[in-house]
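Take a look at the protein below. We will go through it step by step, from paired charges to domains to pockets.

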Amino acid sequence: MKHLLSTADLTRDDAILILDTANQLAQATSQGVGKLPPLRGRTVVNLFYEDSTRTRISFEAAAKRLSADVINFAAKGSSVSKGESLKDTALTLEAMGADAIVLRHGSSGAANTLANSGWISGSVVNAGDGTHEHPTQALLDAYTLRRHLREGAGDLAGATVTIVGDILHSRVARSNVHLLKTLGANVRLVAPPTLLPFGVDTWDADVSYDLEDALVGADAVMMLRIQQERMNAAYFPTIHEYSQRYGLNQVRVNLMNQGSIVMHPGPMNRGVEITSEVADSPQSVIVEQVTNGVSVRMAVLYLMLGGNEATV
Ligand code: CP
């Protein structure tokens with residue numbers, strides 16, 4: 001695999017290879033072997049034009065655990081604020097020896113532009129581009145689902161996953177729909193009509209406006225953050241009203257299947273899309289998602305820069 005831009009580019013075998021590799025790397029890490037050697041001498045640049053806690057730190061941890069050198073670049077405080085373009089920034093990083101650029105950008109398609117521009121020879125990982133895609137988030141979500149629903153192996157055939165909230169602005173939802181379908185899961189999307197994207201009826205998912213109906217029979221629920229920073233209009237009357245209709249509380253969790261799990265990509269708006277009681281409950285795997293993110297990002301970097309390129 002040269003680049004990772006979209007989960008739509010992954011076949012079932014590609015996805016399972018990444019998840020299985022993440023599993024092996026997680027086991028090696030938990031056995032306390034310390035740093036693993038495969039990316040020694042390689043350089044990974046985290047190029048972040050948008051804020052991030054989980055994704056940036058976990059890519060840094062993943063690269064370091066594989067012995068890569070890591071350069072963290074935040075657009076804030078850089079020459080981007082003087083008007084430097086993505087092209088010139090990328091050329092500068094390439095000149096410093098970047099083998100892979102992990103890019104988060106506010107514009108949908110930025111990672112594709114960087115990968116297909118010919119500006120750089122290294123690999124590009126999309127770490128979230130506008131409202132388009134966030135493939136490593138979907139991979140870590142699939143890894144987490146597999147651990148809880150399929151004992152960590154195989155695909156997700158037959159599992160039912162309900163994704164709730166601000167689908168309109170969510171790159172996480174888009175990446176998850178592609179990947180979950182590739183892995184055989186049933187996907188339900190729930191949101192107020194104003195927070196569903198145009199053309200959602202063509203997505204490979206059941207769409208509804210009723211949260212409680214969509215939780216009955218679900219094996220997992222993924223709650224999405226209301227992305228107020230991307231909203232330029234009023235999409236619902238009040239936060240309180242949104243929370244009443246689309247917030248996850250314990251009564252609603254109890255509608256799901258036995259053994260079901262509660263997920264959230266973070267950062268959470270506690271008290272808006274999810275109550276603290278649910279976020280901190282035994283059914284919540286939200287903190288574990290962060291841990292799994294390191295293993296999955298190790299697998300992506302390993303397969304991209306150090307592993308068997310012919311396979312993925
Ligand atoms: N889930 C996620 O992408 O979180 P960050 O914005 O903190 O990276």
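How many salt bridges does the count come to? The count comes to 12 salt bridges. Keep in mind that this is a predicted model. Side chains of opposite charge can pair when their charged atoms come close. One pair to find is Arg42 and Asp99. Their closest N and O atoms are 3.6 Å apart. Arg42 sits in the loop between α1 and β1 (43-48), and Asp99 sits in the loop between α3 (86-95) and β3 (100-105), so this salt bridge ties together parts that are 57 residues apart in sequence.

Now step back to the domains. The domain assignment gives two entries: domain 1 (7-134 + 290-305) and domain 2 (135-286). Notice how domain 1 is written as two stretches of the chain. The C-alpha centres of domain 1 and domain 2 lie 25 Å apart. The contact between them takes 34 residues from domain 1 and 30 residues from domain 2.

How much area is buried between domain 1 and domain 2? The value is about 2600 Å², and carbon and sulfur atoms give 57% of it. On the side of domain 1, three residues stand out. Thr7, Leu19 and His134 supply 25% of the area that domain 1 buries against domain 2, more than any other three residues. Charges take part here as well. There are 3 salt bridges between domain 1 and domain 2.

Another salt bridge to look up joins Asp155 and Arg12. In this pair, the closest N and O atoms are 3.1 Å apart.

Next come the pockets. Rolling a probe the size of a water molecule over the atoms shows where empty space is left. The largest pocket has a volume of about 560 Å³. Its lining is made of 29 residues. Nearest the centre of this pocket lie Arg54, Arg104, Pro265, Gly266 and Pro267. Four elements give two or more residues to the lining: α2 (54-65), α5 (135-149), α6 (171-182) and α11 (286-306). The largest share, 5 residues, comes from α11. Sorted by class, the lining has 8 nonpolar, 12 polar and 9 charged residues.

Where does the largest pocket lie? Domain 1 and domain 2 both give residues to its lining, so the pocket lies between them.

The second largest pocket has a volume of about 150 Å³. Among the residues that line it are Ala26, Arg65, Tyr143, Glu288 and Met298. At least two lining residues each come from α1 (12-30), α5 and α11. Again α11 gives the most, here with 6 residues. By class, this lining has 4 nonpolar, 5 polar and 3 charged residues.

Finish with the backbone. Most residues other than glycine have a negative phi, and most peptide bonds are trans. Which two residues does a cis peptide bond join? They are Gly266 and Pro267, and omega is about -5 degrees. Pro267 is placed in the loop between β9 (261-263) and α10 (276-279). You have met Gly266 and Pro267 already, among the residues nearest the centre of the largest pocket.

The other backbone detail is at Ser67. Its phi is near 75 degrees, a positive value in a residue other than glycine. Ser67 lies in the loop between α2 and β2 (69-74). Trace that loop from α2, a helix that also gives residues to the lining of the largest pocket.

Conventions. Residues are numbered from 1 along each chain as its sequence is written. This is a predicted model: local features need pLDDT of at least 70, side-chain atom pairs count only at pLDDT 80 or more; totals for chains, interfaces and linings use all residues. Side-chain values use heavy atoms; hydrogens and water are left out. On a 1 Å grid over the protein atoms alone, a cavity is a set of points where a 1.4 Å probe fits but cannot get out, and a pocket is an open set with protein on both sides within 12 Å along at least five of seven lines; lining residues have an atom within 4 Å of a point. Grid points are joined across faces, edges and corners, and a volume is the space filled by probe spheres set on the points. Ala, Val, Leu, Ile, Met, Phe, Trp, Tyr, Cys and Pro count as nonpolar, Asp, Glu, Lys and Arg as charged, and the others, Gly among them, as polar. Domain bounds come from an automatic or database domain assignment. Contact means heavy atoms within 4.5 Å. Buried area is the accessible area (1.4 Å probe) that two parts lose on being put together, summed over both. A salt bridge is a side-chain nitrogen of Lys or Arg within 4 Å of a carboxyl oxygen of Asp or Glu.
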